[in-house]
Amino acid sequence: MPEALTVRTALDLEVFHRTTVHVYAGENQLERPVRWVHTGEIPDIHRFLSGGEMLLTAGLGMGDTAAPQRAYIRRLAEAGAAVLVVELAGRMFESMPEAVIDEARALGLPLVGLADEIPFAVASAQVHEVLVEQRVRQLITEEATGQAFMDLLLADEDYVGMVGELAKRTGCPVVLEDIAHRMLAYGGASPEGDETVARWDVHSRAIHESHQNLLTGARRTPVSFSDVAACARRPVVLRGESWGWLHLLHGGVQPSTSDLRALERAAAAIAITLLSERESGARSAQRQATLLNRLLLGDITGEKFVGRSLALGQDLRDRQLLVVVTGRTAGERPFGDQDLARVLHDAGWPAVVGDIGDYDMAVVGLRAADEEQAVLDLLAGEGVRGGASRVVTPAGLPLALRQSRNAASVALASAEQGMRRFDDLGALRLLVALSEGPELTRYVEDELGVLLEHDAVSSNPLLPTLRAYLDCNGNKARAADKLFIQRRTLYHRLQRIEEILGLDLSEPDTHQRLQLAVRGHDLLRRPGPRLA
């Protein structure tokens, strides 16, 4: 039996099966809830109604002419009666008066006739029994709901868990948003919920806010409010200030009282957990980092990663994906995963961001592939350095992780600021791959070992000179300018390097092998991202 006793379900009780029941008016209003049952045979019975009653009568107080009968129906409708049930066994009427039917139809008041007498006391008892049983079930459900949210609080669960619990208990999709209408968590996904989430700004801003402005008299551009009926929301209030909203997407099916109470309990529980999260500021970030780690370990596919990102409030569906990895070197201003998340989200790009060991990683959702450069320019403008993958679909995410980390390894080993694309690495891609094993270490040692031994005990190390010379493609004048030394000094240092290495620096093959060795040495020395 549904939680709310309706006119329809009340008329299906055993006592009404003892006679023939005919609905004369208000057929489309039979889902009205019945709050109580009342009997009466006086003309002013409406004075004793408070709304939602099933009124049982033999019709003695309705009047015997059209005018008082119409007035009687009007007063019942104004008092909020759920339904009028009239006994047509002959004590007052043998058939329903036409004036009563016309007025009830005009006012939308359900009007029911009973062909025979039934014991009104039994009818009242059966209705009351159902109402009491439903109230007890409702109290038990509300107590269980309150205990569930209390248990989550004691377990130090965050708002994502609260949203999931509310969705499970109501069977409806649930969305948590902050005061800026940014979706932070989504639970109980359904096709209808996914569609609403995909156009969240329309639902949250254009529909809810415009509806609120209409209610308060503010003048705004008219919009269709059909979606408002499909959602119940409650504010999340922290220390007297509005923090955001909790939405129950019930799809137009009127939520039960228990569901609305659960919504209120969840909003209060979220407010409590947010108070502690303001101090730690870490739980949401930990969830995103955990999700990224599962992707890195191959525990989930790229497609599942996108689906689970939605539960964390990051809608990456139907978007091109870019993986970026950022890091810092000593002396640079702090720029952690929360800074990375803030910069990307403020720019309007949904992203799952996490602190993954020695570096920060973000899977960014692009509206189009050509937004890649805008992301890189934004991060470079923040003074961070790192690498970026190719733009991929969800299925390509595992490969994109490796690409971004390769690019970041090169960027973090370089003295230059900025972001490096994987496609711009060229031969350095091979060095990065070799750096995960002993091959690159052996190569660097074979090519530069004696020079590194010299620098270890010398007050004038020569490797910086060699690096500058190679970076300038053997142009000695440019190399001297880059090192801020005289050319004569540079010539002397290069001659000394040739003596130590036993090589001719003017030879193209020598230049190439030393270029790879120096780049490899930089990669090995840089404590940056390492491939799994």
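Two strands pair if DSSP finds at least two bridges between them. Helices (H or I, at least four residues) and strands (E, at least two) are DSSP runs, numbered from the N terminus. The model is predicted, so local features need pLDDT of at least 70 and side-chain atom pairs count only at pLDDT 80 or more, whereas totals for chains, interfaces and linings use all residues. Residues are numbered from 1 along each chain as its sequence is written, and side-chain values use heavy atoms, with hydrogens and water left out.

**Exercise 1. The chain as a whole**

State how many helices and strands the chain has, and what share of its residues is buried.

*Solution.* Begin with the secondary structure, which comes to 19 helices and 14 strands. Next, take burial: a residue is buried under 20% relative accessible area, exposed over 50% and partly exposed in between (1.4 Å probe, protein chains only). By this criterion, 49% of the 532 residues are buried. Finally, consider contacts (heavy atoms within 4.5 Å). Of those with a separation of 6 or more, 67% are between residues 24 or more positions apart.

**Exercise 2. The sheet that contains β13**

Determine the strand order of the sheet that contains β13, and identify its edge strands.

*Solution.* The order is β11-β12-β10-β13-β14, an open sheet of 5 strands with mixed pairing. Now look at the ends of this order: β11 (351-356) and β14 (419-421) each have a single partner strand, so one side of each lacks a neighbour in the sheet. Neighbouring strands are turned by 20° against each other on average, direction ignored; here axes are lines fitted to C-alpha atoms, for helices over the stretch in contact, and angles run from 0 to 180 degrees between N-to-C directions.

Then examine one pair. Strand β13 (residues 385-388) is joined to β14 by 3 bridges in the parallel sense, and alanine 388 stands opposite arginine 421 in β14. Helix α12 (residues 372-381) lies across β10 (320-327), β12 (359-366), β13 and β14, and runs at about 150° to β14. The loop between β11 and β12 holds glycine 357, which is exposed at a relative accessible area of 64%.

**Exercise 3. The sheet that contains β3 and β4**

Give the order of the strands in the sheet of β3 and β4, and name the helix that packs on it.

*Solution.* This open sheet of 5 strands reads β1-β5-β4-β3-β2, and its pairing is mixed. Its edge strands, β1 (21-25) and β2 (36-39), each pair on one side only. From one strand to the next the twist averages 25°. Helix α3 (residues 98-107) packs on the sheet and touches β1 and β5 (111-114), its direction making about 65° with that of β1. Within the sheet, β3 (residues 53-57) and β4 (residues 83-87) are parallel and share 4 bridges; one of the bridges sets threonine 57 against valine 86.

**Exercise 4. Two partners for one tryptophan**

Which residues are the bridge partners of tryptophan 245 in β9?

*Solution.* Strand β9 (residues 241-248) pairs in the antiparallel sense with β6 (residues 174-178) over 5 bridges, and in that pair tryptophan 245 is the partner of glutamate 177. Strand β9 also runs antiparallel to β8 (residues 232-238), to which 7 bridges join it. There, tryptophan 245 is the partner of proline 235. The hairpin of β8 and β9 has 2 residues between the strands, and arginine 239 takes a positive phi near 50° in it.

**Exercise 5. Salt bridges**

How many salt bridges does the structure hold, and which parts does the pair of glutamate 117 and arginine 91 tie together?

*Solution.* A salt bridge is a side-chain nitrogen of Lys or Arg within 4 Å of a carboxyl oxygen of Asp or Glu. The structure holds 26 of them. In one, the side chains of glutamate 117 and arginine 91 meet at 3.8 Å, N to O. Glutamate 117 lies in the loop between β5 and α4 and arginine 91 in the loop between β4 and α3, so the pair ties together parts that are 26 residues apart in sequence.

Within helix α5 (residues 159-170), glutamate 165 and lysine 168 are 3 residues apart, about one helical turn, and their salt bridge has an N to O distance of 3.4 Å. Glutamate 165 is buried at 11%, whereas lysine 168 is exposed at 62% relative accessibility. A network of salt bridges links Arg70, Arg74, Asp102 and Glu103.
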